[in-house]
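User: Could you take a close look at a single part of this model for me? I'd like to know what it does for the surface and what it does for the inside.

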Amino acid sequence: MLQPVLDRWRFCALLASGAMLAAAHAFQRFGGLAPCELCLKQRTVYWVAAGFAAAAMVAVRMPGGPRLREASCWVLALVFLTGAGIAGYHAGVEWRFWPGPASCSGSGTVTAAALKDLLNGAGQHMPACDRAAWVFAGLSMAGWNALASLGLAGLSVAASVRERSKR
């Protein structure tokens, strides 16, 4: 059942990354949920995965490219594991397991100059990373993203193993 997905994993990873980015942008655009700094870092992982998957799709069709099939799946696994790490860290910040970055967790200092700028309409700040804007079944978007990224990493590993078995 998974064989067709694993045989075309680079394309499927590109589609999955696009779907995750589309969902994040839909929550922002239609749900009114502005992303925090850590949310944007999670999106960056999907942009990297999509770009790499697209490049790998071309590379494996070039002369000598088939030898890159397995390696490209391992790289995708590492990219998605990185995404799971960032999302897991963000979920931990939301659950107050550890502090988040000072730039987005409300732990930075407030200066008179910053307050004056704010009163004058200057630079609005991004939402705090330590407050979940949306929760479903007990997990925030960061928590769900961690699970999705782990699943995508697992599929990447399975695709790598499948590529190796084809040799």
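Analyst: **The helix behind the patch**

With three residues, α6 gives the most to the nonpolar patch. Bear in mind that this is a predicted model, where local features need pLDDT of at least 70 and side-chain atom pairs 80 or more, while totals for chains, interfaces and linings use all residues. Numbering starts from 1 along each chain as its sequence is written, and side-chain values use heavy atoms, without hydrogens or water.

The patch covers about 600 Å² and is built from Leu-78, Leu-81, Phe-136, Trp-144, Leu-147 and Leu-150 (nonpolar side chains within 5 Å, on residues with over 30% relative accessible area and no salt bridge, that is, no Lys or Arg nitrogen within 4 Å of an Asp or Glu carboxyl oxygen; areas are Shrake-Rupley, 1.4 Å probe). Besides α6, α4 supplies at least two of its residues, and Phe-136 sits in strand β1, residues 135-136.

α6 runs over residues 141-165, and its end C-alpha atoms are 36 Å apart, which agrees with the 36 Å expected for 25 residues at 1.5 Å each (1.5 Å times one less than the residue count; helices are DSSP H or I runs of at least four, strands E runs of at least two).

Now the inside. Buried residues of α6 (under 20% relative accessible area) include Ala-142, Asn-145, Ser-149, Leu-152, Ser-156 and Glu-163. The buried residues pack against α1, α2, α3, α4 and β2. Leaving aside close sequence neighbours (within four places), Trp-9 is in contact with Leu-152, Leu-155, Ser-156 and Ala-159, among others (heavy atoms within 4.5 Å).

Definitions and conventions
Buried means under 20% relative accessible area, exposed over 50%, partly exposed in between (1.4 Å probe, protein chains only). Patches are made of residues with over 30% relative accessible area and no salt bridge: like charges are joined within 9 Å, nonpolar side chains (Val, Leu, Ile, Met, Phe, Trp, Tyr) within 5 Å. A salt bridge is a side-chain nitrogen of Lys or Arg within 4 Å of a carboxyl oxygen of Asp or Glu.
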